Amino acid sequence: MIGKALRRKAPRTGVDWFLTVMRVAALTVVAVGLLAFIAQEIDTNNPFARWANPDATGLTRAQFQGLIVSGVAQGAMYGLIALGYSMVYGVLGFINFAHGEVFMVGAMTGMITSTKLADAGMWESNFIGSLVLIVFVSVIVCALTAVIMERVAYRPLRGSPRLIPLITSIGVSFFLQNVSLVLLGPAAKAYPDVPDWVKSKHTFLEIEGAKILVIVVAAASMVCLWYVVERTKSGKAMRAVAEDAEIAALMGINVNRTIVKVFALGGAMAGMAGILWGILFRSVVHTTGFLPGIKAFSAAVVGGIGHLGGAMTGGLSIGVAESVGPLLILEPLGVSGVSQLRDAVAFAVLIGVLLLRPNGLFGERLPSEDRT
Amino acid sequence: MNWYGHLTKVRKGRGVISLVIALLAVFALLATSCGNDDDGDTVEAPEATQAPEAAEEPEATEAPAPAPDPRGNALGDGSLGIVEVEAGEAIQIRSLQAITGDVAGFGLPIDRAAYIAADDYGPIHGFDVDLGASLDDLCGADGGQAAAQTIVADDRVIGVLGTSCSGAAVAAAPLVTNAGMVMISGGNTSPALTSDLAGTAGPNHVKGYYRTAHNDLYQGAAMAKFVFGELGFTTAAAIHDGDPYTQGLAQAFSDAFEDEGGTMTGFSGVNKDDTDMVPVLTEIAAGSPEALFFPIFQPAGDFIADQAPGVSGLEDTVLLAADGLLNANYLPLPQTAGMYFSGPDQRFGENVNQSTGKTAADFTAEYESRYGEVPSSAFWAHGYDATILLLDAIAAASWIDDDTLMIDRQGVRDYLYGLRNFNGIIGTINCDAFGDCGSSKITVVQNLGGEENIEASLNNVIYSYEP
């Protein structure tokens with residue numbers, strides 16, 4: 001409390017002013033862009049819409065909806081991956097950068113299994129059965145990958161400064177990428193063709209089957225994870241270890257086993273995301289995990305790292321923002337080549353959220369004495 | 001909701017988080033800056049550090065007796081230096097193509113064609129030609145630059161066959177040509193590397209750069225005439241991926257289409273590693289074009305063809321692509337059935353390469369026996385002719401002096417700039433002052449769909465163009 005009082009009285013420094021200006025500028029750009037977009041939608045000949053972008057055309061309802069759905073589907077995948085970052089951070093306090101590669105391993109496993117099933121003719125005749133099978137295989141392989149990673153690369157470093165496992169995780173990430181490169185080659189590998197009902201749009205809201213599938217499966221996975229963490233004994237142990245590993249050990253919790261379970265759960269979620277990726281884009285390459293991994297990490301930070309609901313919310317926010325941001329905010333402002341800026345938009349969301357809420361959307365404000 | 005004890009953990013990890021975010025910001029900046037490679041960046045050619053290796057056993061081989069004036073009619077004035085190849089050594093040239101990754105289907109046949117052509121050609125004045133190991137341009141500026149630095153470190157090299165991708169040539173050509181070597185590409189088509197065909201050099205043009213592939217201004221014009229005249233469409237849109245090849249071709253199409261009288265309703269770009277194309281397609285769909293031309297590469301091309309029909313406003317839009325996607329990996333994809341592709345005229349028929357006497361049929365037979373497959377793209381022919389041009393140029397600019405083969409680097413360039421009416425597999429080759437040696441014949445083919453129809457699709461010519 002004393003610290004807080006002192007801080008309030010402290011004069012604002014140049015950095016504070018700069019941050020305030022940045023916050024205002026960011027909000028202004030977003031607000032003006034959105035207003036110009038709304039002006040476009042009302043009437044493309046609107047002087048405000050014409051002011052920034054004389055070629056403004058606006059979007060139809062169906063196009064707008066397509067953007068949102070595509071963003072939600074992509075965001076759900078980011079969210080699933082982000083859960084792994086967040087959970088590991090929760091118990092061990094470091095960022096497992098190799099987690100994006102676990103996702104890639106999931107997508108690769110799915111590709112191999114589904115190609116085998118397609119060769120056997122089962123992929124076409126029983127798509128749902130095959131899908132369940134590849135999800136099962138991929139989840140197991142990814143959970144195992146994550147557990148082995150923890151055992152080999154991170155457990156020996158337990159207790160060392162946090163930067164050391166962080167750097168190690170970057171090494172593990174390169175290792176997994178290169179293993180995939182050596183085993184499967186550098187070319188993009190395609191998933192077998194999916195049935196028409198997955199590709200075509202459905203009468204229900206005019207959404208492609210694959211996107212409905214992605215959103216439903218992601219939501220189901222999230223519910224399962226919530227149940228495990230909140231309602232089971234293992235989940236209780238995880239929360240206890242996250243709260244304080246030493247006290248948890250004193251209470252009779254096997255900390256090592258709990259940490260292994262956390263890695264396995266995170267890996268399983270990444271495996272699930274990998275399959276969804278495969279169904280949606282039907283193509284995977286050894287670098288597939290890199291960019292989604294970085295964006296999922298951003299999602300975890302946006303949501304407030306260590307917070308599971310936050311990870312999912314962060315994933316959805318980044319997915320939707322990078323999908324609609326270029327056309328909703330940048331294009332009405334007359335920026336050219338907006339579609340090449342989608343990654344920039346995704347990371348701008350991260351910077352914007354950190355400017356306005358430094359602990360993320362769901363991260364709680366720290367007491368001032370803990371801030372140093 | 002009480003998920004985790006993040007309160008305590010956040011406190012402990014603040015340093016790490018800041019560091020990670022800083023790293024992330026750096027990544028993002030790097031990614032952005034890599035996307036907009038400044039073409040004006042010229043890199044100083046590193047000095048050649050490796051001295052020519054002395055022959056370990058300078059055996060006296062049966063070389064023809066030196067003439068009174070050993071130089072004879074060899075071209076050149078020595079201004080770029082003379083390379084001496086001692087008896088028993090080989091003439092060094094290199095092949096630099098996109099031989100790995102998604103673009104390998106395009107670059108690998110060009111690379112292999114160089115080795116086949118060198119074998120067909122045989123020794124020059126009794127000296128063998130050594131191509132060394134294939135180098136990889138990775139279809140980008142980074143790969144082109146790295147490989148070019150490896151090449152110029154060896155000052156015995158006379159010429160480089162490559163690159164496959166214009167993006168790689170932009171970085172590689174200045175390095176290679178500054179070292180006095182020549183570069184002949186069988187795959188580059190960007191106008192930026194040569195000229196606008198009206199006498200103005202492109203921004204990335206350098207002396208000593210040649211190509212047997214066509215200039216994309218022809219390809220853009222061909223596609224525009226096809227869409228406007230044959231399909232009867234008046235609106236179209238184009239998507240590129242920021243690479244000089246794709247951007248140049250999309251722009252050439254756009255300009256030519258408007259010259260024809262059509263309207264471009266959209267012109268946009270994607271990133272090479274994008275997978276979700278719905279946003280860019282929605283941007284394009286806002287203008288409701290009748291045709292969408294995306295002269296890009298795999299895998300981005302897979303995703304555009306796959307996702308376009310699902311975007312509201314593009315359901316009936318006709319999809320068109322160019323020679324970067326006209327290959328045996330892209331045509332069998334289910335989403336590409338019915339698409340139109342522009343590309344070089346592949347009906348090589350009975351064309352004979354005048355220096356080796358080989359036809360397309362001879363070549364493909366040899367290719368199949370060596371590699372167990374048919375060439376996955378048509379640019380093998382351009383690669384073959386490019387190799388022969390380089391070898392002919394070396395023959396014309398070299399002479400034997402006391403058992404040593406002398407090669408005048410300037411002479412090699414003189415030969416190529418002066419080349420007229422050379423009969424190659426691709427047709428008649430004439431080099432202009434900017435290094436454009438390729439044929440201007442472009443065809444548009446329609447994909448019949450399916451793995452079994454690749455060959456038939458490549459020959460399914462719907463439209464032919466010649467200026």
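Start by selecting B:Leu197, which is partly exposed, with 17 other C-beta atoms within 10 Å. Bear in mind as you click around that this is a predicted model. You'll find B:Leu197 in the loop between β6 (182-185) and β7 (209-211) of chain B. Check its backbone: phi is near 70°, a positive value in a residue other than glycine. Most residues other than glycine have a negative phi.

**Another positive phi in chain B**

Now jump to B:Cys139, in the loop between β4 (135-136) and α3 (141-152) of chain B. Here phi is near 55°, again positive in a residue that isn't glycine. Is B:Cys139 buried or exposed? Buried, because the cut-off is 20 or more other C-beta atoms within 10 Å and B:Cys139 has 30 C-beta neighbours inside that distance.

**Cis peptide bonds**

Stay in chain B and turn to the peptide bonds. Most peptide bonds are trans. Select B:Gly162 and B:Thr163 together: the bond joining them is cis, with omega about 0°. B:Thr163 sits in the loop between β5 (157-162) and α4 (166-178) of chain B.

For another cis bond, go to B:Gln298 and B:Pro299, where omega is near 5°. B:Pro299 belongs to the loop between β10 (291-293) and α8 (300-307) of chain B.

Before leaving, show chain B as a cartoon. How many helices and strands does chain B have? There are 12 helices and 18 strands. Chain B has 467 residues, and 55% of them count as buried. If you look at contacts between residues at least 6 apart in sequence, 76% of those in chain B join residues at least 24 apart.

**Over to chain A: α7 and α13**

Hide chain B and colour helix α7 (residues 127-154) and helix α13 (residues 255-281) of chain A. Their axes are 7 Å apart and the packing angle is about 140°, which makes α7(A) oblique to α13(A). The crossing of this pair is right-handed. To see the contact, show side chains on α7(A), including A:Ile134, A:Ser138, A:Cys142 and A:Glu150, and on α13(A), including A:Phe263, A:Gly267, A:Met272 and A:Ile275. By class, this contact has 16 nonpolar, 6 polar and 1 charged residues.

**α5 against α13**

Keep α13(A) on screen and add α5(A), which packs with it at an angle of about 50°, the axes 7 Å apart. The two helices are therefore oblique to each other, and α5(A) passes α13(A) in a right-handed crossing. On α5(A), select contact residues such as A:Val102, A:Gly106, A:Ala107 and A:Gly110; on α13(A), those taking part include A:Gly266, A:Gly271, A:Gly274 and A:Trp277. What is the mix of residue classes where α5(A) contacts α13(A)? You get 9 nonpolar, 8 polar and no charged residues.

**α5 against α14**

Next, swap α13(A) for helix α14 (residues 290-303) of chain A, keeping helix α5 (residues 99-119) in view. The axes of α5(A) and α14(A) come within 8 Å and cross at roughly 130°. These helices are therefore oblique to each other, and the crossing is right-handed. Select A:His99, A:Gly100, A:Glu101 and A:Phe103 in α5(A), which meet A:Phe290, A:Pro292, A:Gly293, A:Ile294 and A:Ala296 in α14(A). By class, that contact has 5 nonpolar, 3 polar and 1 charged residues. While you're there, A:His99 and A:Phe103 also feature in the α5(A) contact with α13(A).

**One side of α11**

Now look down the axis of helix α11 (residues 233-243) of chain A, with A:Ala237, A:Met238, A:Val241 and A:Ala242 highlighted as buried residues. Why do they fall on the same side of α11(A)? Because they cover an arc of only 135° around the axis.

**Two last distances**

Select A:Gly209, found in helix α10 (residues 209-231) of chain A. A:Gly209 counts as partly exposed, with 18 C-beta neighbours inside 10 Å. Draw a distance from its C-alpha to that of A:Val198, 11 residues apart along the chain: the separation is 4.2 Å.

Finish at A:Arg357, in the segment after α16 (342-356) of chain A. A:Arg357 is partly exposed, with 14 other C-beta atoms within 10 Å. Its C-alpha is 8.8 Å from that of A:Val302, a residue 55 positions away along the chain.

Definitions and conventions:
Residues numbered from 1 in each chain as written. Chains lettered and ligands numbered in written order. Predicted model: local features only at pLDDT ≥ 70, side-chain atom pairs only at ≥ 80, totals over all residues. Axes fitted to C-alpha atoms, helices over the stretch in contact; angles between N-to-C directions. Helix = DSSP H or I, 4+ residues; strand = E, 2+ residues; numbered from the N terminus. Parallel < 35°, antiparallel > 145°, perpendicular 65-115°, else oblique. Left-handed = near helix turned anticlockwise from the far one by under 90°. Contact = placed C-beta atoms within 7 Å. Nonpolar A, V, L, I, M, F, W, Y, C, P; charged D, E, K, R; others polar. Buried ≥ 20, exposed ≤ 12 C-beta atoms within 10 Å, placed from the backbone. Arc of directions from axis to C-beta.
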